[in-house]
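Here are a few short exercises to work through with the model open on your screen. Try each task before you read its solution.

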Amino acid sequence: MPIPIVAVLTFDRFSPFHCAVPCLIFGDSMMPGRPLFDLRLCAGDAIDQPLSSQGFRIDAGFGLEGLQEADIIIIPFWRDPAERPAQPLLDALIAAHGRGAQVVGLCLGTYVLAYAGLLDGRRASTHWEYEQDFVRRFPAVRLDTNALYVDDGELVTSAGTAAGLDCCLHLVRQRHGSVIANKLARRLVIPPHREGGQAQFIEQPVPA
């Protein structure tokens with residue numbers, strides 16, 4: 001049985017941490033000698049080597065054609081909530097979703113799914129600092145302002161930064177079960193399972 005193909009989209013001015021999260025979870029470094037996924041880096045812009053704001057450069061092996069066979073497509077971040085992604089990217093995501101691929105937006109990657117119209121009438125999550133902006137731009141989306149991640153079937157979205165780890169472990173758990181997901185969490189030294197409905201943060205005074 002073929003292993004799932006995971007396409008991770010990269011863009012110019014990408015966030016190194018956010019892009020590294022799915023690469024770490026779905027790459028083979030966590031389970032050497034036993035690949036669980038076929039990881040493919042795909043350039044979402046017409047740029048073969050996207051450059052981050054910090055000077056990191058990624059050599060993406062695929063362009064948007066890499067999405068055509070993917071079982072899971074992950075948008076780990078988006079550079080500007082006010083910028084509508086290029087139409088070829090949105091069309092590729094719509095086509096992938098139409099053929100049954102699972103489309104995932106981590107942190108501000110949720111904006112890309114929303115710009116594509118995939119989240120209209122659906123539940124979603126994004127970084128709590130952007131909730132008012134998101135609701136204003138996409139009133140048809142049912143934004144959950146508390147959830148770490150929201151699994152709405154073939155569409156999965158998460159809150160910011162470290163919540164992407166929880167979301168990606170959730171996807172591993174779906175495909176390979178809790179034993180494998182827990183082993184990955186142990187190697188990453190993170191909680192093995194945080195429910196998606198857990199609050200993004202808890203207001204609590206720090207002891208003096």
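**Exercise 1. Find C107 and describe its backbone and its surroundings.**

Solution. Start with the location: C107 sits in the loop between β4 and α3 (109-115). Keep in mind that this is a predicted model. Next, look at the backbone: C107 is not a glycine, yet its phi is positive, about 55°. Finally, check the accessibility. Buried means under 20% relative accessible area; C107 has 3% relative accessibility, so C107 counts as buried.

**Exercise 2. Do the same for R13: where is it found, and is R13 buried, partly exposed or exposed?**

Solution. R13 belongs to the loop between β1 (5-10) and α1 (16-26). Its phi is near 65°, a positive value in a residue other than glycine. For the accessibility, recall that partly exposed lies between the 20% and 50% limits. The relative accessible area of R13 is 40%, so R13 is partly exposed.

**Exercise 3. Which residues, R13 among them, line the largest cavity?**

Solution. Begin with the count: the structure holds 2 cavities of 30 Å³ or more. The largest cavity has a volume of about 70 Å³. Its lining consists of L9, T10, F11, D12, R13, F14, S15, C19, P76, F77, W78 and R79. Now sort these residues by character: 7 are nonpolar, 2 polar and 3 charged.

**Exercise 4. Trace the sheet strand by strand, then follow β8 to its partners.**

Solution. First write down the order: 6 strands form an open sheet, β2-β1-β3-β4-β8-β7, with mixed pairing. The edges are β2 (38-43) and β7 (149-152), each of which pairs on one side only. On average, neighbouring strands of this sheet are turned by 15° against each other, direction ignored.

Now take β8 (residues 155-158). With β4 (residues 102-105), β8 runs parallel, joined by 3 bridges; here G105 has T157 as its bridge partner. With β7, the pairing is antiparallel over 4 bridges, and Y149 stands opposite S158. The hairpin of β7 and β8 has 2 residues between the strands, and G153 takes a positive phi near 75° in this hairpin.

**Exercise 5. Why do the buried residues of α6 line one face of the helix?**

Solution. List the buried residues of α6 (residues 178-188): I180, A181, L184, A185 and L188. Seen down the axis of α6, these buried residues fall within an arc of 140°, so they line one face. An α-helix has 3.6 residues a turn, so residues three or four places apart point the same way. To finish, turn to the face away from the buried side: it carries the exposed residues V179 and R186.

Methods
Residues are numbered from 1 along each chain as its sequence is written. This is a predicted model: local features need pLDDT of at least 70, side-chain atom pairs count only at pLDDT 80 or more; totals for chains, interfaces and linings use all residues. Side-chain values use heavy atoms; hydrogens and water are left out. Two strands pair if DSSP finds at least two bridges between them. Axes are lines fitted to C-alpha atoms, for helices over the stretch in contact, and angles run from 0 to 180 degrees between N-to-C directions. On a 1 Å grid over the protein atoms alone, a cavity is a set of points where a 1.4 Å probe fits but cannot get out, and a pocket is an open set with protein on both sides within 12 Å along at least five of seven lines; lining residues have an atom within 4 Å of a point. Grid points are joined across faces, edges and corners, and a volume is the space filled by probe spheres set on the points. Ala, Val, Leu, Ile, Met, Phe, Trp, Tyr, Cys and Pro count as nonpolar, Asp, Glu, Lys and Arg as charged, and the others, Gly among them, as polar. Buried means under 20% relative accessible area, exposed over 50%, partly exposed in between (1.4 Å probe, protein chains only). The arc is that of the directions from the helix axis to the C-beta atoms.
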